Amino acid sequence: MDVDEGYADLEHQHQPSPQPNVDTEFVGPGDHLYRNYHTGLNARPCNTDGIFLLPGTLPPPLENVATDDWTPFHNRTEFETAEFLYTQNQMPAGQINRLLDLWVSTLAKHNDKPPFADHRDLHNVIDSSPFGDMNWQNFTVTYDGERPEDGTKPWMDDKYEVWFRDPCEVVRNMLANPTYASEIDYCPYREYSTKGNKRQWKDFMSGDWAWDQADEIAKDPSMLGSTFVPIILGSDKTTVSVGTGNNEYYLLYASIGNIHNNVRQAHRDGIAVIGFLAMPKSMTTPEVTRFGDGHYHRVIYGLGPYIADYEEQALLACIMRGWCPKCMASHEDLDEDALCHCCDYTEALIQEGSLGDLWDDFGIVGELVAFTNNFPRADIHQMISPDILHQLVKGTFKDHLVDWVEKYLRHTHMKRKADQIMDDIDCSNVVHTFHALLEFCYLVRRNIITEDTLVEIEDALSRFHHYCNIFRTTGVVPTFSLPCQHLLKHYHIKAVKEPWRQSSCYNALGQILGMLTGTCLSDLEIDDGLTVLQAYVQLAKTHQGKKCAQTIPALAKELNIPSLPDLLRRFLFQQLHPKDFHDPSDIPLAECPLYLNKISVFNSASSRFYALSDLTRIGGMHVEHIRSCPIWRNEYQCYDCVFVNTDSSLPGMQGLEVAHVRAFFSFRYRGKLYPCALISWFDKVGDTPDEDTGMWIVRPGFGADSAPGYAVIHIDSIYRAAHLIPMYGVQFVPRELKFYHSYDTFQAYYVNKYADHHAFEIAF
């Protein structure tokens, strides 16, 4: 399931519920944010009998869990061997046997043996593995309906195996996980900035849907004080190839809306495969459940968003392909304004119309009933949430826009007319279309959505619909009545991306191993990282060998940069006189220290930075390598570009410069270590980004004597790697030009803010 977390619906953001009485408190440092908490379902702790506790009552102590129980494995090493062979390497049975035979040959003289005899022994142990207290169960289903007179379809005789585990137990385990205790929201809230009282959305419980559900539940007085736990579902068809013969399965995933987005995205058991959905009675009656902080709460469950791609959305909503699962727009014109779909509307149509009319006029498959039909407060049409990968990146961007441009150039015209085509087509509108869609994709993926962000999202969507008309006016596409593109109107701010897939075990999904972090050699420490915009850069642990330059003059000769010794002298002057704000080039060289001793040259450095809106690591920390390597992977050179922080008080590119790294090196002067980078500057073209692309344009910088603009900088001023896109001309690129020469060849470049989520947040 490739879905992407969070679920505050854009359609609902401008229709807030009436404000009941709320509990208000400041959150975070500096009293810059405050929250209004729901007073009805306010998550009061209780005892095991469901009786509410007095405020301040401490929770009962947590039970001690054995940390050395690896059942059915004998020890951690045996478990990690199985994990490596089966999960990480996915090694075929024959190769497992060969490896174990070699292992036996090395241990025989010590009268010892490897952990497994052969692949069958390994698989048998895996199949006997319990997963906590939640055993996997299975049953088989077959078709028992009417058979057509013209012959039985093959699928009617097949048997279908279903594996499942109790979703209630899965959710209880999540709620009781002590590592979530400080990263879980116990009740719905609305968060505001004290500056202008503007609302913002981040984690799931900050959305209007959770608040509205709590309002509905709180109408029953017996529910007051309970804890609302939204169940988030997602499904995906996947092919399991290891040990199953390429069988296809529909996997069902579950999460809870209370845990924070970074927990769900950081592979900390915040998403689990449940395989099969069973209706819990506790959606209408509270049940007492223990949470990670040790307290018990009266929990009331509710079905929340269901994340799926369009094919599965059509299945879930019981509609035909080509129709919208969210609204009642006709498949012939999906872009027309239409009312939202709902189950009551479908039921009314089924009562009044024939199956044929439902099929032809409304796209409804009347013989099917949505699985949510008997769940309280659950409407499949409201629950369905598109996912970013399939419906934005792959659907609208790759399958639509890229295909339309290629179709125009490759099919509508002959290749030899390519130059004429570029003159005929309004390239500006095409670029504007891509620009608007890319901005929309990154904006909806932000970790925190503010009211200003919503305005930007709506503006990007409006520009996309305006500029993409170029493809219709040129005859590339006859209509925009396309489900993936239409669903942009119904987009949820986030969905569940990259869930933790652990479902392809040996016995055809009969066993799912809970993978533990760390190794037997070193335990993994959870690092919540920093929460401010900064980076920490350090050089690689190993420097180049003795065959490479070991002094500044030698490095200057190796790089063919004669000015390097003088650049280093001016760098040292700056380091020794940090309060001298003169331009380094204005300082007389005679006043700058001279250094001619040993240096260490490195092929790379690493930057550890807080990645805004890309919480793929705990706390949002991300590590990337920046290379300055004359021979990379024994094939070609690799010299990366970087963002250099020149003024952190200014926003975006106003406080950043772009540079091309030529070398990383370090040296000691007066007992202090100086890690440095030799860079060549790029100069910005203009004071604002390019209007068509939304990206800044830079060109190679030059000094006063028209020489390349080289400089030596401290690596502390480097933020992270930058990606540049050459500004191509009207002539073909020479075949002999290699990609690794790109940064030294073109006259100007785009600073690619669409390279990743973080680049989008800083290169504006």
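Start by selecting Glu-439: with 14% relative accessibility, this residue counts as buried, the cut-off being under 20%. Keep in mind as you click around that the model is predicted.

**Stop 1: around Glu-439**

Now add Arg-463 to the selection. Its side chain meets that of Glu-439 in a salt bridge, at 2.9 Å from N to O. Colour by secondary structure and you'll see that Glu-439 sits in helix H14 (residues 427–444) and Arg-463 in helix H15 (residues 451–467), so this pair ties together parts 24 residues apart in sequence. Don't stop at two residues, though: show Asp-459 and Lys-753 as well, since a network of salt bridges links them with Glu-439 and Arg-463. For the wider picture, a search of the whole structure turns up 20 salt bridges.

**Stop 2: helix H5 and its salt bridge**

Jump to Glu-169 and Arg-172. Their side chains form a salt bridge with an N to O distance of 2.6 Å. Both are in helix H5, and because they are three residues apart there, about one helical turn separates them. Switch on a surface: Glu-169 is partly exposed at 29% relative accessible area, and Arg-172 is partly exposed too, at 24%.

**Stop 3: helix H8 and the loop after it**

Next, pick Arg-321 and Glu-311. This is another salt bridge, and the closest N and O atoms are 3.4 Å apart. Arg-321 belongs to the loop between H8 and H9, while Glu-311 is in helix H8, so the pair ties together parts 10 residues apart in sequence. Arg-321 is exposed, with a relative accessible area of 63%, whereas Glu-311 counts as partly exposed at 39%.

Stay with that loop, which runs between helix H8 (310–317) and helix H9 (343–352), and select Glu-332. Which residues join Glu-332 in a negative surface patch? Add Asp-333, Glu-336 and Asp-337 and you have the patch. Glu-332 itself is exposed, at 62% relative accessible area.

**Stop 4: the nonpolar cores**

Hide the surface and go inside. The largest nonpolar core has 40 residues, and the ones with the most contacts inside it are Leu-175, Val-229, Ile-231, Ile-256, Tyr-301 and Leu-303. At least two residues of this core come from each of helix H5 (167–176), strand E8 (227–240), strand E9 (247–256), strand E12 (296–307), H8 and helix H11 (380–383). There is also a second, separate core of 30 residues; Ala-436, Ala-460, Cys-468 and Tyr-754 are among them.

**Stop 5: backbone oddities**

Time to look at torsions. Select Thr-71 and Pro-72: the peptide bond joining them is cis, with omega at about 5 degrees. Pro-72 is in the loop between strand E3 (45–46) and helix H2 (76–88).

Then try Asp-31, a non-glycine residue with a positive phi, near 55 degrees. Look for Asp-31 in the loop between strand E1 (22–27) and strand E2 (33–38); at 43% relative accessibility, Asp-31 counts as partly exposed.

Asn-560 is not a glycine either, yet its phi is positive, at about 60 degrees. You'll find Asn-560 in the loop between helix H18 (552–559) and helix H19 (564–576), and this residue is exposed, with 64% relative accessible area.

**Last stop: strand E4**

Finish on Val-141, in strand E4 (residues 137–142). Val-141 counts as partly exposed, at 33% relative accessibility. Draw a C-alpha to C-alpha distance from Val-141 to Asp-158: they are 17 residues apart in sequence and 8.8 Å apart in space.

Definitions and conventions: Residues numbered from 1 in each chain as written. Predicted model: local features only at pLDDT ≥ 70, side-chain atom pairs only at ≥ 80, totals over all residues. Heavy atoms only, no water. Patch = residues over 30% accessible without salt bridge, like charges linked within 9 Å, V, L, I, M, F, W, Y side chains within 5 Å. Areas by Shrake-Rupley, 256 points an atom, 1.4 Å probe, with all protein chains shown as cover. Salt bridge = Lys/Arg side-chain N within 4 Å of Asp/Glu carboxyl O. Lys, Arg positive; Asp, Glu negative; His and termini not counted. Charge placed at Lys NZ, Arg CZ, Asp CG, Glu CD. Helix = DSSP H or I, 4+ residues; strand = E, 2+ residues; numbered from the N terminus. Buried < 20%, exposed > 50% of the residue type's maximum accessible area, 1.4 Å probe, protein only. Core = buried A, V, L, I, M, F, W, Y, C linked by side-chain atoms within 4.5 Å.
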